[in-house]
Amino acid sequence: MSTGDSTAMPDSSPEPRAGGSPAPGLAVMSPIRLFYWSVRRELWENRFLYIAPLIVAAVFLLGFVIGVVHLPLSHGNASRSPAKHLLTPLDFASLVVMLTYLVVTVVYCLGALHNERSDRSILFWKSLPVSDVTTVIAKASIPMIVLPLITFAIIVVAQGIMLLASAAALWTRTPILPMWAALLYHLLTVHALYYAPFYGWLLLVSAWARRAAFLWATVPVAAVLILERLVFHTSAFAHMLLSRIGGGPAATPFPPSGNMAIQAPTLANLGAFLASPGLWTGLAVCALFLAAAVRLRRYQGPI
Amino acid sequence: MSVIEATGLRKVFGTTIALDGIDLRVEEGRILGLIGPNGAGKSTAINAILGLTPHQGQLRVLGSDPWAARDRLMREVAFIADVAVLPRWLRVSQALDYVAGVHPRFDRAKAEGFIAGTAIGRNSRVRDLSKGMVTQLHLALVMAIDARLLVLDEPTLGLDILYRKQFYDALLNDYFDRSRTILLTTHQVEEIQNVLTDFMFINRGRIALTCSMEEFEARYAEVTVHPERLAAARELRPLHERQVFGRSTLLFERADRGQLQQFGDVRTPGIADVFVAVIGASTPASAAGGR
């Protein structure tokens with residue numbers, strides 16, 4: 001990158017120091033660049049983000065290939081009468097990778113603002129000109145942007161291999177492009193946006209907890225559930241959580257089973273999703289949690 | 001303009017007063033050592049200067065309040081908190097990539113030059129490096145940053161003497177020039193005596209003594225006195241007295257060196273000896289009057 005005595009970077013323009021007096025902000029990296037390197041740093045640290053789903057997909061593929069070779073009959077049955085089976089192999093592939101993604105997300109979020117404090121590296125990160133806001137946004141973008149895309153790519157590749165391996169059996173019966181469009185739509189609406197308050201909460205807990213982050217993340221939720229039940233004899237909070245986990249009413253062109261039923265999401269689906277208040281209240285709650293996490297990180301040092 | 005300017009800098013944790021109204025002024029081109037016992041407030045002062053903790057009182061670092069915008073300050077301030085803060089999973093090449101990616105004043109070629117002079121492998125992870133090598137790596141990263149202020153908080157903690165020596169040699173020979181300023185704390189006071197241009201004793205959140213090294217040599221003198229002359233020497237009101245091999249060594253402040261010559265060889269004391277004299281003597285007094 002930079003050579004010799006120059007500290008100028010390709011896309012930064014340090015102004016000369018005027019007469020020795022310090023001009024605040026004399027050499028600035030663009031926010032995009034700071035964000036990009038902050039995200040890369042997360043991927044360096046947390047290689048399980050892509051290794052775990054890759055392993056799961058590889059194991060699944062292995063099992064699938066063995067199944068195709070050794071059990072052509074049962075496979076033939078599956079494709080002949082899909083209704084009898086809850087899931088086709090293609091659905092099953094995307095399901096297991098997506099479940100892995102959920103687990104990976106929880107593990108990542110709970111460690112994201114905790115590990116840097118427990119290994120004291122926060123002092124190194126804070127010695128560099130990257131703000132707490134940039135850091136927290138970069139960490140939040142892992143479950144909300146990076147992981148949905150990684151998950152999508154892995155599922156597409158895995159399903160592609162399965163389709164190739166199974167030759168005509170699945171090819172002809174599967175509406176491939178609508179299926180992948182629905183998958184991407186599902187990942188970006190439900191997982192990236194509708195689940196945002198969950199990620200915000202987990203990141204906040206990870207910034208807050210000195211230890212046992214998982215307990216801090218779950219026990220207060222359980223406490224609210226129990227208290228509401230005992231005091232008000234209602235379960236509104238539980239219903240709210242379940243509807244949130246279910247993906248909300250506006251984000252469901254993703255049928256639980258049966259490839260045949262898959263339709264590509266339409267603009268109307270997207271419009272309904274974007275118009276749903278649940279999406280925006282969720283994003284607002286997420287923003288509040290993240291703002292609190294930024295504030296905590298600003299005050300905190302190693303633990 | 002001063003690099004660091006503090007007036008009435010104060011920090012309270014609950015009922016503990018970590019910094020009790022410190023006035024501090026560090027000019028460009030100085031190397032200031034902050035020296036004090038554990039819990040004296042050194043790290044609190046440094047954390048406030050680096051924008052890592054909020055504070056009361058006036059504080060300006062390079063003209064701005066560090067707590068208001070730490071990330072902006074870090075374009076011109078570099079710091080090593082202690083040797084063990086580089087994350088263990090980080091590869092050497094990643095460290096270079098990352099700092100080059102986020103720091104506008106980082107000279108990657110320079111850092112690579114420093115690393116080439118060590119046994120550090122480019123693809124090693126921090127966890128595979130020895131403690132000394134991690135320090136070398138961190139130092140290489142920091143020295144390649146064209147910072148105006150470098151802050152080192154116990155930078156050589158846990159290092160053996162060879163690395164400690166190398167660390168300060170590199171700092172002085174390859175990094176320091178008159179346009180930079182260094183602020184450092186350490187427990188190994190003796191080792192940095194000839195590195196510093198100024199030092200400051202801090203005790204119980206207050207400044208016990210501020211002194212430049214030129215002033216130090218004129219101000220303090222030490223003489224080992226023969227037992228027969230001890231009473232006469234004590235007449236000159238030494239600051240402190242200690243026993244070395246059964247003989248008394250007396251430490252004087254602002255005494256006439258010519259007058260001291262009669263008792264034996266007059267030397268400039270170590271900072272550590274003055275530290276013991278000043279802090280050791282003032283501790284009960286400041287405990288009574290400090291709060």
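Which residue stands opposite Glu5(B) in E2(B)? In this predicted model, the residue across from Glu5(B) turns out to be Arg25(B). That pair belongs to a longer run of pairing: strand E1 of chain B, residues 4-13, is joined to E2(B) by eight bridges, and the two strands run antiparallel.

Zooming out a little, E1 sits in an open sheet of three strands in chain B, ordered E2-E1-E4 and paired in the antiparallel sense. Strand E2 (16-26) and strand E4 (56-61) of chain B take the edges, and each has a single partner strand, so one side of each is left without a neighbour in the sheet. From one strand to the next, the twist averages 25°. Lying across E1, E2 and E4 of chain B is H1(B), which runs at about 120° to E1(B).

H1(B) also leads on to another sheet. This helix, residues 42-49 of chain B, lies across E3, strand E6 (149-153), strand E7 (181-185) and E8 of chain B, and its direction is at about 150° to E6(B). The strands named there are part of an open sheet of six strands in chain B, with the order E5-E6-E7-E3-E8-E9 and mixed pairing. At its edges stand strand E5 (77-80) and strand E9 (206-212) of chain B; each of these has a single partner strand, so one side of each has no neighbour in the sheet. Direction ignored, neighbouring strands here are turned by 15° against each other on average.

Within the six-stranded sheet, strand E3 (residues 31-35) and strand E8 (residues 198-203) of chain B pair in the parallel sense, with four bridges between them. One residue to look for is Ile35(B), whose bridge partner in E8(B) is Phe201(B).

Further along chain B comes a hairpin. Its two strands, E11 (residues 240-244) and E12 (residues 247-253) of chain B, pair in the antiparallel sense over five bridges. Glu241(B) has Leu250(B) as its bridge partner in E12(B). Two residues lie between the strands of this hairpin, and Phe245(B) takes a positive phi near 50° there.

Turning to chain A, the picture is one of packed helices. Helix H7 (residues 132-165) and helix H9 (residues 176-194) of chain A pack at an angle of about 155°, with their axes 10 Å apart. That angle makes H7(A) roughly antiparallel to H9(A), and H7(A) passes H9(A) in a right-handed crossing. On the H7(A) side, the contact is made by Met144(A), Ile145(A), Pro148(A), Thr151(A), Phe152(A), Ile155(A) and Val156(A); H9(A) supplies Trp180(A), Leu183(A), Leu184(A), Leu187(A), Leu188(A), His191(A) and Ala192(A). Sorted by class, the contact of H7(A) with H9(A) has 12 nonpolar residues, two polar ones and no charged ones.

A second helix pair in chain A is made by helix H11 (residues 213-232) and helix H12 (residues 236-245), whose axes come within 8 Å and cross at roughly 135°. H11(A) and H12(A) are therefore oblique to each other. Here Val224(A), Leu225(A) and Glu228(A) in H11(A) meet Ala236(A), Phe237(A) and Ala238(A) in H12(A). The contact of H11(A) with H12(A) divides into five nonpolar residues, no polar ones and one charged.

As for how the chains meet, 32 residues of chain A are in contact with 33 residues of chain B. On the side of chain A that touches chain B, helix H1 (31-45) and helix H6 (122-125) of chain A are the elements that give two or more residues. H1(A) provides the largest share of that side, with six residues. By class, the side of chain A that touches chain B has 16 nonpolar, 10 polar and six charged residues.

How far the predictor trusts chain A varies along its length. The mean pLDDT of chain A is 81, and 77% of its residues reach 70 or more. Confidence in chain A is highest in helix H10 (residues 196-208), at 96, and lowest in helix H3 (residues 72-80), at a mean of 46. Over residues 1-25 of chain A the pLDDT is below 50, and this stretch has 40 contacts in the model beyond near neighbours in sequence. Residues 72-86 of chain A also stay under 50, and for them the model has 14 contacts beyond four places in sequence.

Methods. Residues are numbered from 1 along each chain as its sequence is written. Chains are lettered from A and ligands numbered from 1 in the order in which they are written. This is a predicted model: local features need pLDDT of at least 70, side-chain atom pairs count only at pLDDT 80 or more; totals for chains, interfaces and linings use all residues. Axes are lines fitted to C-alpha atoms, for helices over the stretch in contact, and angles run from 0 to 180 degrees between N-to-C directions. Angles under 35 degrees count as roughly parallel, over 145 as roughly antiparallel, 65 to 115 as roughly perpendicular and the rest as oblique. A crossing is left-handed if the near helix is turned anticlockwise from the far one by less than a right angle, and right-handed if clockwise. Two residues are in contact if their C-beta atoms, placed from the backbone, lie within 7 Å. Ala, Val, Leu, Ile, Met, Phe, Trp, Tyr, Cys and Pro count as nonpolar, Asp, Glu, Lys and Arg as charged, and the others, Gly among them, as polar. Two strands pair if DSSP finds at least two bridges between them. pLDDT is the predictor's confidence in each residue, from 0 to 100.
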